[in-house]
Amino acid sequence: MPFTLKNLREDLEDLGSNFDGAPDLEFRMASKALELEQSGLSYQRIPPDYRFPYGHTHKEQEEVYVVVGGSGRMKLDDEIVEVKEWDVVRVPPGTWRGYESGPEGLEILVFGAPNLGENPREDVEGQRDWWAD
């Protein structure tokens with residue numbers, strides 16, 4: 001088949017509960033479902049006024065965060081930036097990142113390349129409560 005069609009919200013399992021966070025945190029991984037070979041994709045919806053409970057960094061993967069709804073802030077290593085709808089943030093490998101939503105929540109698409117293959121955990125290091133005030 002020369003293409004793959006999936007609906008991010010209807011066809012993909014919500015993994016949000018895996019993060020021991022807010023019950024309405026939504027996290028959907030699309031890479032395998034879309035049969036992506038060179039890149040990765042996820043959809044995340046962070047409820048209002050909530051900080052994603054984990055920060056993370058990658059050894060090799062570059063990520064692009066596209067804000068498709070709401071607003072919030074991202075912490076990139078030691079810098080905090082405000083983000084709003086249709087902002088795009090590129091994060092290179094080796095940079096720690098975390099995010100939190102504003103009063104209306106935050107919806108993001110996260111694109112990563114290269115594809116992390118069958119063992120994606122080998123490329124990522126995560127830390128719960130990395131972004132602490």
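Visitor: Where is proline 114 found?
Guide: This is a predicted model, in which local features need pLDDT of at least 70 and side-chain atom pairs count only at pLDDT 80 or more, while totals for chains, interfaces and linings use all residues. Residues are numbered from 1 along each chain as its sequence is written, and side-chain values use heavy atoms, with hydrogens and water left out. Elements are DSSP runs numbered from the N terminus, helices being H or I with at least four residues and strands E with at least two. On that numbering, proline 114 is found in the loop between β7 and β8.

Visitor: Is the peptide bond from alanine 113 to proline 114 cis or trans?
Guide: Omega of the bond from alanine 113 to proline 114 is near 0 degrees. This bond, leading to a residue in the loop between β7 and β8, is therefore listed under one form, and the form of the peptide bond is cis.

Visitor: How many bridges join β2 to β7?
Guide: Two strands pair if DSSP finds at least two bridges between them. β2 and β7 run antiparallel, and isoleucine 46 stands opposite leucine 106 in β7. The bridges that join β2 to β7 number seven.

Visitor: Which residue in β2 stands opposite phenylalanine 27?
Guide: β1 and β2 pair in the antiparallel sense, over four bridges. Phenylalanine 27 is in strand β1. Opposite phenylalanine 27, in β2, stands glutamine 44.

Visitor: How many of the seven residues of β2 are buried?
Guide: Accessibility is sorted by relative accessible area (1.4 Å probe, protein chains only): buried is under 20%, exposed over 50% and partly exposed in between. β2 is mostly covered. The count of buried residues in β2 is six.

Visitor: How many aromatic pairs does the structure hold?
Guide: Rings of Phe, Tyr and Trp (its six-membered ring) pair if their centres lie within 6.5 Å; planes under 30 degrees apart count as stacked, over 60 as edge-to-face and the rest as tilted. In this structure the number of aromatic pairs is four.

Visitor: What is the centre to centre distance between phenylalanine 27 and phenylalanine 52?
Guide: The planes of phenylalanine 27 and phenylalanine 52 make an angle of 35 degrees, and the aromatic pair is tilted. The pair links distant parts of the chain, 25 residues apart, with phenylalanine 27 in strand β1 and phenylalanine 52 in the loop between β2 and β3. Centre to centre, phenylalanine 27 and phenylalanine 52 are at 6.2 Å.

Visitor: Why is phenylalanine 52 counted as buried or exposed, and which of these is it?
Guide: The class follows from the relative accessibility of phenylalanine 52, which is 7%. Phenylalanine 27, with a relative accessible area of 10%, is buried. Because of its 7% relative accessibility, phenylalanine 52 counts as buried.

Visitor: How many residues apart in sequence are the parts that phenylalanine 52 and tyrosine 99 tie together?
Guide: Phenylalanine 52 and tyrosine 99 form a tilted aromatic pair, 5.3 Å centre to centre with 35 degrees between the planes. Both phenylalanine 52 and tyrosine 99 are buried. Phenylalanine 52 lies in the loop between β2 and β3 and tyrosine 99 in strand β7, so the separation of the parts in residues is 47.

Visitor: Which residues form one aromatic cluster?
Guide: The pairs just described, Phe27 with Phe52 and Phe52 with Tyr99, lie within it. The cluster is formed by Phe27, Phe52, Tyr65 and Tyr99.

Visitor: What separates the C-alpha atoms of glutamine 38 and leucine 116?
Guide: Glutamine 38 is found in the loop between β1 and β2, and at 61% relative accessibility it counts as exposed. Along the chain, glutamine 38 and leucine 116 are 78 residues apart. The separation of their C-alpha atoms is 8.6 Å.

Visitor: What is phi of aspartate 49 near?
Guide: Aspartate 49 is found in the loop between β2 and β3 and is exposed, with a relative accessible area of 60%. Phi here is a positive value in a residue other than glycine. For aspartate 49, phi is near 55 degrees.

Visitor: Where is the place of aspartate 77?
Guide: Phi of aspartate 77 is near 55 degrees, again a positive value in a residue other than glycine. Aspartate 77 is partly exposed, with a relative accessible area of 32%. Its place is in the loop between β4 and β5.
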